[in-house]
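I opened a new page for this chain. My plan was to look up its strands, its overall form, its core and its charged pairs, in that order.

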Amino acid sequence: GSYSDPLQVIGKEARVALYPGRPIGFDDVGPPALVDRNQIVPLVFKQGGLSITAEGRSLSRAAAGEIVRVMNLSSRTTVSGIVLANGSIQVSKY
């Protein structure tokens, strides 16, 4: 349940405190966060030919591909979406 080669963790972000001499578990590191807590992020909703964008405030940190809760600044509604590689949040109808 841990990495055997230090090269395998290059470019990853620590999720917990790492100590010298202790093995690094698979859940101890992950992709670097693109979105920080309280960061203003673009919200994107696309369905068919319709595309809606709005500004939101992230309620937690997240990396690309992770689900994050975001407050829409216009309506004050909390929505969830997936962080895209460019740092925007794709919101979809669930």
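Before reading the fold I fixed one term: strands here are DSSP runs of E with at least two residues, and they are numbered from the N terminus. I also noted that this is a predicted model.

**Entry 1: strands.** I went along the sequence and wrote down the pattern β-β-β-β-β-β-β-β-β. The tally I entered for the chain was zero helices and nine strands.

**Entry 2: overall form.** I then asked how spread out the chain is beside a compact globule. Its radius of gyration came to 16 Å, while the globule rule gives 12 Å for 94 residues. The value is well over the rule, so I put the chain down as more spread out than a compact globule. The spans of the C-alpha trace along its principal axes are about 50 × 25 × 20 Å.

I looked up burial and surface next. Of the 94 residues in the chain, 24% are buried. The exposed area is about 6400 Å², and carbon and sulfur atoms supply 54% of it. For contacts, I took those with a separation of 6 or more; residues 24 or more positions apart account for 28% of them.

**Entry 3: the core.** Which residues make up the largest nonpolar core? I listed nine: V35, V41, L43, A62, V68, V70, V83, I89 and V91. Strands β4, β7 and β9 (89-91) each supply at least two residues of this core. A general remark went in the margin: in soluble globular proteins, nonpolar side chains tend to be buried together.

I picked A62 from the core list for a closer look. Leaving aside residues up to four places away in sequence, A62 touches A33, L34, V35, V68 and V83.

**Entry 4: charged pairs.** My reason for checking these was general: side chains of opposite charge can pair when their charged atoms come close. How many salt bridges are there? The count is three.

I began with E13 and R61, whose closest N and O atoms are 2.7 Å apart in a salt bridge. E13 lies in strand β1 (residues 13-14) and R61 in the loop between β5 (50-58) and β6 (62-63), so this pair ties together parts 48 residues apart in sequence. E13 is partly exposed, at 24% relative accessible area. R61 is also partly exposed, at 46%.

R61 forms a salt bridge with D36 as well, with the closest N and O atoms 2.9 Å apart. D36 sits in the loop between β3 (33-35) and β4 (40-47), and R61 in the loop between β5 and β6, so the pair ties together parts 25 residues apart in sequence. I noted D36 as partly exposed, at 36% relative accessibility. Through shared partners, salt bridges join E13, D36 and R61 into one network.

Another salt bridge I entered is between E66 and R15, at 3.4 Å from N to O. It links distant parts of the chain: E66 is in the loop between β6 and β7 (67-72), R15 is in the loop between β1 and β2 (29-30), and the two are 51 residues apart. E66 is partly exposed at 25% relative accessibility, and R15 is partly exposed at 40%.

Conventions: Residues are numbered from 1 along each chain as its sequence is written. This is a predicted model: local features need pLDDT of at least 70, side-chain atom pairs count only at pLDDT 80 or more; totals for chains, interfaces and linings use all residues. Side-chain values use heavy atoms; hydrogens and water are left out. A salt bridge is a side-chain nitrogen of Lys or Arg within 4 Å of a carboxyl oxygen of Asp or Glu. Helices (H or I, at least four residues) and strands (E, at least two) are DSSP runs, numbered from the N terminus. Buried means under 20% relative accessible area, exposed over 50%, partly exposed in between (1.4 Å probe, protein chains only). A nonpolar core is a set of buried Ala, Val, Leu, Ile, Met, Phe, Trp, Tyr and Cys residues joined through side-chain atoms within 4.5 Å. Contact means heavy atoms within 4.5 Å. The radius of gyration is taken over C-alpha atoms; the globule rule is 2.2 Å times the number of residues to the power 0.38. Accessible areas come from the Shrake-Rupley method with a 1.4 Å probe; for residues, only the protein chains shown count as cover.
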